[in-house]
Amino acid sequence: MRRTLAEAWKELVETARRTVTDGLVVGTSGNVSVRVGDTVLVTPTGVPYDRLGPDELCAVDLAGRPVAGRLQPTSELPMHLAVYAGSDARAVVHTHAVHATAVSTLVDELPAIHYMAGALGGLIRVAPYAPYGSGELAARMMTALEGRSGCLLRNHGTVVHGDSLSQAYDRTAQLEWMCRVWLTASSVPGRTPALLTREEIDRTAARLRDYGQPDSEPAPDTSRSPERR
């Protein structure tokens, strides 16, 4: 049964608040959206998430036109709409996570420090810098997301999408964790982290596509490592 906009908004607000609680954003930075049919619910600009309530709906259509609520959507709306236009995503989480943002300033691609990069489709690319909220940033992000469900934005943060808000969020947390692992390992004096090959990452991605129960059962979130499933 299709859920109502009110139900989707409640989950969106809970997810947005979780990004703050888990330290993935500070203040009103970052944003979250979820698609329900042809409507996109998205966090508003400049409003602390703990002040958002069930009546503070912020919704647009797939062209970005307001359809519900009095609040103005996030300035990063072009980025969210680009993901929905170019993929089958049902939810998008954008953060300014510390370790991921740091990595975005150092490399063009997150080094293959852990096989769970395969859960996001393969090695994680870094989209070149462009001003926030711009069409240029959205375009560069989509190039970095080709064949992936997540990427880094140079000097900015992360963008991750999924089939649900929970999946998008868990993939975001997984990406931040991988960035932290690489930064930690690469900071050891006189040592260079062992990295996996692209083929090993691709092999993991292929295995995760087939992971889970038959279609009659709910599929597990493949963003979680096997040790946690």
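Strands β7 and β8 form a hairpin in which 3 residues lie between the two strands, and one residue in the turn, N155, has a positive phi of about 55°. This description rests on a predicted model. The points below follow the turn, then the pairing of the strands, and then the burial of β7.

**The turn**
- N155 belongs to the loop that connects β7, residues 150–153, with β8, residues 157–162.
- The phi angle of N155 is near 55°, which is a positive value in a residue that is not glycine.
- With a relative accessible area of 47%, N155 counts as partly exposed, because that class covers values between the buried limit of under 20% and the exposed limit of over 50%.

**Pairing with β8**
- The strands β7 and β8 run antiparallel and are joined by 4 bridges.
- Within this pairing, G150 has V160 in β8 as its bridge partner.

**Pairing with β6**
- Strand β6, which consists of residues 126–127, pairs with β7 in the parallel sense, and this pairing is made over 2 bridges.
- The bridge partner that A127 has in β7 is L153.
- Between these two strands, the chain leaves β6, passes through helix α4 at residues 135–144 and arrives at β7, and this β-α-β crossover is right-handed.

**Burial of β7**
- Which residues cover the two faces of β7, and are they buried or exposed? G150 and L152 lie on one side, while C151 and L153 lie on the other, and all of these residues are buried.
- G150 is thus a buried residue of β7 that has a bridge partner, V160, in β8, and L153 is likewise buried and is the bridge partner of A127.

Notes: Residues are numbered from 1 along each chain as its sequence is written. This is a predicted model: local features need pLDDT of at least 70, side-chain atom pairs count only at pLDDT 80 or more; totals for chains, interfaces and linings use all residues. Side-chain values use heavy atoms; hydrogens and water are left out. Buried means under 20% relative accessible area, exposed over 50%, partly exposed in between (1.4 Å probe, protein chains only). Two strands pair if DSSP finds at least two bridges between them. A crossover is right-handed if, with the strands pointing away from the viewer, the path from the first strand over the helix to the second runs clockwise.
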